[in-house]
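Open your viewer, switch to a cartoon view and get ready to click along. We will go stop by stop, with something to select at each one.

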Amino acid sequence: MQLRKYCKLRLGIVTLPLLAFLLFAFHTDAKWAQQPTLSQQAYKILQQNCFGCHGAAKASELDLRTAEGVLAGGENGKVIVPGDAQASRLFQFITHQEKPTMPPGKKLSDADIETLRQWIAAGALFDGFAPLAVEAAKAETAKLPERPFTDAERGFWAFQAIKRTTPPRATLASWNRNPIDAFLFAAMKAKGVKPSPKADRRTLIRRAYLDLTGLPPTPEEVAAFVNDKAPDAYEKLIDRLLASPHYGERWARHWLDLVRYADSGGFEFDVDRPEGWRYRDYVVKAFNEDMPYDQFIREQLAGDEYAPESDDAMIATGFLRLGPEGGGGGERGRQDALDDVITTTSLTFMGMTVGCARCHDHKFDPIRQSDFYRIQAVFAPTRPVNHPLVKPDVVAAHQAETRRIETQQRPLKKAKDELEAPYLKMLVEEAVSRLPEYMQIAWRTPEDKRTAGQKLNVQQIRKTLEDDTLSMKLTDKDIVARMSAEDKQKHQDLVTQIRALDRQKPKPYPTARAIGEMSAKPAPTHFLHRGSADAKGPAVQPGVLSVIGECDFPTPPANAKSSFRRRGLAEWLTNKQNPLTARVMVNRLWQHHFGEGLVRTPSNFGKMGELPTHPELLDWLALEFMNADFGVRNAESATTPHSTLRAPHSQAWSLKAMHRLMMTSQVYQMVSDDIAANVAIDPENKLLWRMPRVRLEAEIIRDAILAVAGNLDRTLGGPCVYPYIDPKLFQSSTKRTWPGKPDDDPSTWRRSLYIFSKRSIRYPLFETFDQPNLINSCERRNRSTIAPQALLLMNNNFVLFEAQKFAERLRKEAGADVAKQIERAYQLALGRAPSAFERTKTAKFIQGNPTGLAEFCQALFNLNEFVYRQ
Amino acid sequence: MNPNCFSRRQLLSKLGGGIAGVAFADLLNRNGLLAQSKSPLAPKPQHFAAKAKAVISIFCYGGVSQVDTFDPKPALLKYQGETMTGVGEVRATMGTPGGLMPSPWQFKKHGQCGMEISELFPHVAQHADDLALIRSMTALSPAHGPALFQMNTGSILAGHPSVGSWVTYGLGSENENLPGFIVFTDHRGGPINGAPNWGNGYMPAAFQGTPFRDSGDPIVDLHPPKGRTPEQQQKWLRLLRELNEKHLDQNPQDSELSARIHSYELAFRMQTHATDAIDISKESAATQKLYGVGEQPTDYFGRQALMARRLVERGVRYVQIFSGGGNFEPSWDAHWDLKTNHGQHCAETDKPIAGLIKDLKSRGLFDSTLILWHGEFGRLPISERMDGRDHNALGFSVWLAGGGVKGGTIVGATDEYGYRAVENKKTIYELHATILHLLGLDYEKLTYRFNGRDMRLTDVHGRVIKEVLA
């Protein structure tokens, strides 16, 4: 408590002198070398020895460059207790009293340690942290390059206010029932294209099931629908599917493509994110509960600034931590990570390629380079937080218990080190005697006589032999081997005691990957010339796309630990005047229902994107989306907790209402077949005269196979599963493993959504069938047709296993009669009866072949009809 | 849109790009304007005439020490154990820089050109006059992950298509019964970053590298399971085709559906072609010996090099072989005990690489095949962990040989110690531009539209390294 009071006090003091300092910065700079204050000396030591990792790179979340950073400490807590050097962890580390010893692999000179000791003892003052102030002063005096926008740029369609148009009146009454039809029909009529006829109910139910749940309907569901005489049978079907929990699973996957979700960090270490799935489950839940889209945006961008007490809102901020990590530290690494967040956020929510403006003004769109850095200023203050999903007292108890045990371990570890010391010395001498002569000479030369190079080499020898766990030059085992029987026993006892205490350490409590900030007044963000961290320009204020307008960033409340900049951005995005947000999202829904968006470049509404095929319809849908008063909202979704997050109009921003609107249109219910006359006029089907046929996604092909084989475990949510991957595909590398279970292990029979997405080890079926690369935001999947896909469905063990299961199911459900088996198989796999041709062909294939039935089942999995949605 | 103003290559690239492209190509197909629209890997013409048609890339994963192989530095012995000074900041990735460490190996001049190569590569050295050696290569990152990505995809960040993807995207493949881009990894493990090293990034799956296994079937899921005879499989494929064709009858103009039917025929043929392509038992004893097959320590890499030749011979566009795998000792990442590490890896690869050059020459394939040799970066002239070398991205050696390459060339130089490229400094962008150029592709014109940008292998950078062109 006292400490916190102190911090507040200090922070208050720091900011004011900092401002005052700006005025004198240039003058004082020169005086530095002559009479540096204690703080200035301390700053220099930290700068030279620590900033490499604990600067912009924020290793262990510790940033020693600023007053706030030093006081805040790192992920393991405070590092400085002002006034008490011995109690400060930073001091314990640099004096090598505690591990990890710092800086890694060396020790500060005694003089430097003494300076830091005095500095902490004197209260760890920050008046000398001048270079930052100097830099800020210089940068802020420079002018931000702002190129003016032309009228044409400002007038570009995507930046115009969304306009309400009255749907055109069609002559055919049935086309006026749903405004979507009215718009589309008018366009068709103008071009002389005839709409396709309505599809039969079997086609419709399969289409609706695959679109909304990603699973084929069962024969019983098909029959019930086909025989339902009610006039609203189709509408009831859509409502039922929208209420299915599998709806959330299906549509979460589309969202995860956009936000490049994965369960590991990629790059060299590709570190797993064992609790990453909580974000995935959050998305599923949001879709299932029909969370209003504006709330969905608010929670993901700024859940911590709206509702820090809500676990869901905190989990949602995990959105900001989904990108790859481990590509390099330092300023550049941080810049790349922020770029990734800005790129993904702007593609996903704005349909704008803001990432293109990192190094220069956008080449095609009115996005200034300064816009990029203004938006960067929104995200720059963020830092990762592992949000505990247990009550604070549980966390406190956990920390206390861990500390208690570590305190008990400390003397034991010290005793162990002391016991090992003489043996280690002996082993080191032996190892040195095997080194090249010049190294031995360096070692033997007295310390004060060593040349600079010899000093380096001796330091290296020490580090390598005594300290280096990586190359394992001298291991515990080597040391113990030399010990006397008595010491060996002592050593063994110590190790046993330390380990026993390790086992007593409490198990980690569940956490969510979340985002937080450290202060309501974050450090300035700078414009970077050519995008280079080495070419800092003026400081920038947070902002948005200036071509659309400015954003009023809220003032954080008095006690806030956050800048509320992200909340400002979220408010700007979800403001109904924003011309992009609703258009972009309804277009995405449209794309997944109709194969292509009304704008066929769904994440690029800029100049290099495509123009909307039906601009009035797009606007009409966008307005309906924001203000709709129709729909199928679930009762339970009205009970979601955070009132500040909810739109005032309870029906607004409902995704389910939009699904229902789109799917109950006549256009959605048309057949997919060719009409020669139409092909001649509109070969790309831009007028939507037929329902496009779309290859199912990798995950849905797998899910459909499992469902049809009767093997699908429909459990919702939770940790990921690991189906089998041929080890030859990832090979035994120390850093990459895949604990795959065999195909007959029921734990793997979950939906594809739950398969662990490891960035360096892709599940082959997914990779081959165009699952996006888990690294870039994906607006629209490629749909390629290649031979390896055929090989996989022909020969892969998973497919073969499920075909056998399917065959077993047929024997059980249809008996031994081949004709009945075929009938049932077609109903299960395709939702229809086989044709006479199919009956004859398949019966001939099955009969007289002991494995014929399973092979037939596998053939069904390979049919075009099976892997395409009509 | 007037279809006639598109070249066939543009159309096909559009075809690879999406369903809109497919529909468009479909229309043209029916108008007889576009033959072979079925496969995104159909061969496409070069932008301009160039000799090289295929690439064999040898990736010494972990990072090869330039000062112990292709860039002799007598100063290291002269100043052994002393600090490296006068070269600017010394960056040691793993910390604890030591003094200058002499190479344990001797260098000698080789060939007409007098290229100095160390005794680690006695066989390759015999081909000094075939090599275009760049001693001034630089990379952007001294960490394996980003550096591997940069060497393989041009960007230090993940998510971009690899060079092999760009080349197969640009040129297609000459043999539709085999993947166009094939990858061999080391028996000790694949490189870190995993599959994204040969990934298609944002391109369609057709352009991803296909890893070939070292034993059994080359491709995962290539062959039917035990117990299913070829006759059974053919019968099964016939049934599938008949059912699919019946379905197609209702949509005769859907080229995607017919392409998918066709893909099963390709898959079937791939089973025999892929197996045959790597069946080195069909090679003479003399040829096998040339690659060091059947002897240690060259057998494993030798087999892969020989398979690479067989694949290129069959029209595969891009073959990449990774030497070294996993982490530290099993790769070229000699953080300690450089002598054992590089001694081992060079001994494994020297003879097979020389054998590959000789074999390609004797078959008249050397002029149409581009051979690349490189790691993701080089190593420091100073010691690390007493007898190893740390990463160095500021100056290292790579070489090219074969189609269109001017042999016996040395480009650029590093400083006195081999630390920093100081003369005629080159970047990986330039290396990539040069690779594309040697294959007859204009690195500025080979683009792929993604998220609103025409992406390029070399981004907004690059320049062809003219010095290495014949």
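Here is a short tour of a predicted model, from one whole chain down to a pair of helices and then out to the neighbouring chain.

**Stop 1: chain A as a whole**

Start by selecting chain A and colouring it by secondary structure. You should find 36 helices and 6 strands. How much of chain A counts as buried? Of its 870 residues, the share is 47%. Now think about which parts of the sequence meet in space: among contacts in chain A between residues at least 6 apart in sequence, 70% join residues at least 24 apart.

**Stop 2: two helices side by side**

Next, select residues 293-306 of chain A, which form helix α15, and residues 565-574 of chain A, which form helix α24. Two packed helices are described by the angle between their axes and the distance between the axes. Here the axes of α15(A) and α24(A) come within 8 Å and cross at roughly 165°. Angles over 145 degrees count as roughly antiparallel, so α15(A) is roughly antiparallel to α24(A). The crossing of α15(A) past α24(A) is left-handed.

Show the side chains to see who takes part:

- From α15(A), the contact uses A:Asp294, A:Ile297, A:Arg298, A:Leu301, A:Ala302, A:Glu305 and A:Tyr306.
- From α24(A), the contact uses A:Arg566, A:Arg567, A:Leu569, A:Ala570, A:Leu573 and A:Thr574.

Try colouring these residues by class. The contact of α15(A) with α24(A) has 7 nonpolar, 5 charged and 1 polar residues.

**Stop 3: where chain B meets chain A**

Now bring chain B into view. How many residues does each chain give to the contact? Chain B gives 82 residues and chain A gives 91. On the chain B side, select α2 (19-30), α5 (144-153), β6 (210-212), α7 (230-249) and α8 (255-277), the elements that each give two or more residues. Of these, α8(B) supplies the largest share, with 9 residues. By class, the side of chain B that touches chain A has 37 nonpolar, 34 polar and 11 charged residues.

**Stop 4: the domains of chain B**

Finally, colour chain B by domain: domain 1 is 1-37, domain 2 is 40-218 + 281-468, and domain 3 is 224-277. Between domain 2 and domain 3 of chain B, the C-alpha centres lie 38 Å apart. Zoom in on where they touch: 8 residues of domain 2 of chain B are in contact with 7 residues of domain 3 of chain B. The domain 2 side of that contact in chain B has 4 charged, 3 nonpolar and 1 polar residues.

Methods. Residues numbered from 1 in each chain as written. Chains lettered and ligands numbered in written order. Predicted model: local features only at pLDDT ≥ 70, side-chain atom pairs only at ≥ 80, totals over all residues. Axes fitted to C-alpha atoms, helices over the stretch in contact; angles between N-to-C directions. Helix = DSSP H or I, 4+ residues; strand = E, 2+ residues; numbered from the N terminus. Parallel < 35°, antiparallel > 145°, perpendicular 65-115°, else oblique. Left-handed = near helix turned anticlockwise from the far one by under 90°. Contact = placed C-beta atoms within 7 Å. Nonpolar A, V, L, I, M, F, W, Y, C, P; charged D, E, K, R; others polar. Domains from an automatic or database assignment. Buried ≥ 20, exposed ≤ 12 C-beta atoms within 10 Å, placed from the backbone.
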